[in-house]
Amino acid sequence: MITRTDIKAKRLLEILVLVPMFISSIVLAFGYTVSVGPTGFVSLFIRDLIGVVPWNIYSLPGMILIAGLSHVPHVYLYVSSAMRNLPSDLEEAARTTGASIWQVSRDVTLPMVLPALIFAAALNVLLGSKPSAFRWCSATPTASWCSPPISTSSPPCSARRPIS
């Protein structure tokens with residue numbers, strides 16, 4: 001929507017979407033904890049309003065959501081560049097033939113942006129799996145793909161021949 005529509009404060013919204021890219025993940029995690037954690041100011045406001053906090057950021061879905069939000073700028077950069085290069089005359093032609101906005105989005109725009117979406121999804125899967133793969137590799141030393149390299153040191157003393 002930021003790329004293809006004329007919304008107000010377009011530049012400000014674009015900067016806000018890109019902010020997680022420039023801030024450390026530790027700072028972002030601390031910010032999420034302070035704002036939507038069990039005693040965060042947003043959580044306390046919601047608890048005062050409805051009596052209960054409907055989320056738990058320390059659960060697996062909560063951690064996945066927060067980790068996913070830190071990768072939003074990557075998706076935005078790839079998809080917005082694809083949208084900027086997308087010719088608008090194809091969408092206009094579909095609209096003049098009577099297609100609704102949703103039909104144009106599904107039948108014209110999505111297929112042309114799909115390569116950028118697939119690449120961004122693959123990038124996010126790799127970025128998101130990096131810490132867990134490291135933990136898994138360090139927890140299971142018998143895994144063949146993360147085993148230590150073969151030692152190039154000399155054989156033990158018993159295998160050495162005496163110098164004559």
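Modeller: A helix here is a DSSP run of H or I with at least four residues, and a strand is a run of E with at least two. The model is predicted. In residues 55–79, 72% of the span is helix and 0% is strand. The end C-alpha atoms of that span lie 29 Å apart.

Colleague: What makes residues 55–79 a span of interest, and which other residues are listed with them?

Modeller: An unreviewed UniProt entry lists residues 12–35 and 55–79 as "transmembrane region". Such annotations may be inferred rather than shown by experiment. Over residues 12–35, the chain is 92% helix and 0% strand. The end C-alpha atoms there are 21 Å apart.

Colleague: Why is α1 called oblique to α5?

Modeller: The axes of α1 (residues 10–22) and α5 (residues 72–85) cross at roughly 135°. Roughly antiparallel needs over 145 degrees, and roughly perpendicular covers 65 to 115. The angle fits neither class, so α1 is oblique to α5. The two axes come within 7 Å.

Colleague: Which residues make that contact?

Modeller: From α1 come E14, V17, L18, P20 and M21. From α5 come V72, P73, H74, Y76, L77 and R84. By class, that gives eight nonpolar, one polar and two charged residues.

Colleague: How do you know that N124 is buried?

Modeller: The relative accessible area of N124 is 19%. Buried means under 20%, so N124 qualifies. N124 lies in helix α7 (residues 101–139). Leaving aside neighbours within four places in sequence, N124 is in contact with H71, H74 and V75. H74 also belongs to the contact of α1 with α5.

Colleague: What makes S81 partly exposed?

Modeller: S81 has 32% relative accessibility. Buried is under 20% and exposed is over 50%, so S81 falls in between. S81 sits in helix α5. The C-alpha atoms of S81 and A116 are 8.7 Å apart, though 35 residues separate the two in sequence.

Colleague: How many aromatic pairs does a search of the whole structure find?

Modeller: One.

Colleague: Why is the pair of Y78 and F119 called edge-to-face?

Modeller: First, the distance. The ring centres are 4.8 Å apart. A pair needs centres within 6.5 Å, so the rings count as a pair. Next, the angle. The planes stand at 75°. Edge-to-face means over 60 degrees, so the name fits. Y78 is in α5 and F119 in α7, 41 residues apart, and the pair links these distant parts of the chain.

Colleague: Why do Y78 and F119 count as partly exposed?

Modeller: Y78 has 34% relative accessibility, and F119 has 42%. Both values lie between 20% and 50%, so both residues are partly exposed.

Notes. Residues numbered from 1 in each chain as written. Predicted model: local features only at pLDDT ≥ 70, side-chain atom pairs only at ≥ 80, totals over all residues. Heavy atoms only, no water. Buried < 20%, exposed > 50% of the residue type's maximum accessible area, 1.4 Å probe, protein only. Contact = heavy atoms within 4.5 Å. Axes fitted to C-alpha atoms, helices over the stretch in contact; angles between N-to-C directions. Parallel < 35°, antiparallel > 145°, perpendicular 65-115°, else oblique. Nonpolar A, V, L, I, M, F, W, Y, C, P; charged D, E, K, R; others polar. Phe/Tyr/Trp six-rings, centres within 6.5 Å; stacked < 30°, edge-to-face > 60°.
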